[in-house]
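Me: Could you walk me through a few spots in this model? I'd like the reasoning along with each answer.

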Amino acid sequence: MEGRIHIGLIGAGTMGTGIAQVAAQAGHPVLMFDTRPGAVEAALKGLHATLEKLVAKGKFTRAEADALLGRIRPAAALGDLSSCGLTIEAIVENLDIKKKLFTQLEEILGADAILASNTSSLAITAIAAACEHPERVIGLHFFNPAPVMPLVEVVPGLLTAPGLSERCAGLMRAWGKEPVTCKDTPGFIVNRVARPFYGESIRIYEEGIADMASIDQALKSVGGFRMGPFELMDLIGNDINLAVTRSVWEAFFYDPRYKPSLTQQRQVESGRLGRKTNQGYFDYSGSAARTAPEVDPDLAHSITERVLAMLINEAADALFLQVASKEDLDLAMIKGVNYPKGLLAWADEKGAAYWSRKLDALQAEYGEDRYRASPLLRRMARTSAQFHGVK
Ligand code: NAI
């Protein structure tokens, strides 16, 4: 597997192109296929331009860039992928279309080939169910931009062969990535655990506790987050961010913890989606940089602790439900979304009892299930245990 097997990339959009670059950079011959005429050629042209910039910046030598590009070839038909030992699907996020593709791939690929999906929101088990050999189907969830973000969530489905995740994690390491392994559950690690960063911040805004710019400033200055939640939602696109929230909420059978917010729904309906439309929660039409507001230190502290309590609770509950190991849960948030610390390590600083009390106070005040503390956080609070070691 660690040898230079041929890699097939299906879908030459944002993710497919980024992953193709990563695989080619690791020395693999890569074949790219897309149903949209001209898509692969456009992707290769874009990649060429990116590499030119990287050569100019001294990040690549000309020879390295040329060799990388020389390893990626367009596939005129899906059948051209027959030599691939691993295919990574990065096509449209639609279960029926993905299922159809995977059944077609099974007919083309050799018996030993691995079929991976880069899906963000669909169950790997559901995609694999269409296959005759679901044991060789796995999730390899990269983050955007794939050549820059180190995290890859490796997601075995219910029917994935034992040992395949370790093999894939090994390959991802060989590609210079930081793999984490997680259960086939909605949002995997990052898109699940990060939900309160957005949802609780919007809730704080809706209650009139602070304006958006002040909430952003609080989480950056006190929490050490690189971006505030509102500017980050504007960067991601509120349509995309809302779609992820909605899909996680639905996939958890409408657990109120993940409930989308009306504020974001209206924002999307207004067409002010964020940076890509020059207007989201903030205005991006002018060239002037926004000045950070002065936020009362006590208010900044309260805002940050409320959002952090919800994030820590989410990470603790994911550990409670064995979605991933504590190490992988922390690593995923640092490497996938640039959090300044792992949430469980963060929880340890003040201890589980502190965060459990915060959540209880919120639940008592609002009477909402949204604020229920994870049984694991409560158990640890009772025993004064630490997530990363024993006190
Ligand atoms: P995109 O829209 O940029 O690219 C999708 C490409 O797939 C298009 O070029 C389209 O022509 C092609 N395509 C559609 N149906 C096809 C088919 N049946 N066969 C071959 N090609 C087909 O989409 P993007 O953003 O690259 O996302 C792709 C996948 O990666 C989705 O499953 C998405 O959930 C996932 N993902 C996206 C991330 C992101 O930040 N954009 C991050 C991680 C995962």
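Reply: Happy to! Contact here means heavy atoms within 4.5 Å. Please keep in mind that this is a predicted model.

Me: Which residue of helix H13 or elsewhere does Ile-189 touch at position 153, leaving out residues up to four places away in sequence?
Reply: Ile-189 belongs to the largest nonpolar core, where Ile-189, Phe-197, Leu-343 and Phe-387 touch the most other members. Among the residues Ile-189 touches are Val-180, Cys-182, Leu-329 and Met-333. The one at position 153 is Glu-153.

Me: Which helix gives the largest share of this core?
Reply: The core holds 80 residues. Of these, 12 come from residues 297–320, the largest share, and that stretch is helix H13.

Me: How far apart are the end C-alpha atoms of helix H8, and what span should its 12 residues have?
Reply: Helix H8 covers residues 195–206, and at 1.5 Å a residue the expected span is 16 Å. The model agrees with that, as the end C-alpha atoms are apart by 17 Å.

Me: How many of the 12 residues of H8 are buried?
Reply: Buried means under 20% relative accessible area. Among the residues of H8 that qualify are Phe-197, Tyr-198, Ile-202 and Ile-204. H8 is largely enclosed by the rest of the structure, because the buried count is nine.

Me: Is Asn-238 buried or exposed? And which side chain does the side chain of Asn-238 join in a polar contact?
Reply: Asn-238 sits in helix H11. With a relative accessible area of 0%, Asn-238 is buried. Its side chain has a polar contact of 3.1 Å, and the partner is Asp-234.

Definitions and conventions:
Residues numbered from 1 in each chain as written. Predicted model: local features only at pLDDT ≥ 70, side-chain atom pairs only at ≥ 80, totals over all residues. Heavy atoms only, no water. Core = buried A, V, L, I, M, F, W, Y, C linked by side-chain atoms within 4.5 Å. Buried < 20%, exposed > 50% of the residue type's maximum accessible area, 1.4 Å probe, protein only. Helix = DSSP H or I, 4+ residues; strand = E, 2+ residues; numbered from the N terminus. Expected span 1.5 Å × (residues − 1). Polar contact = N/O pair within 3.5 Å; in protein donor to acceptor, adjacent residues only side chain to side chain.
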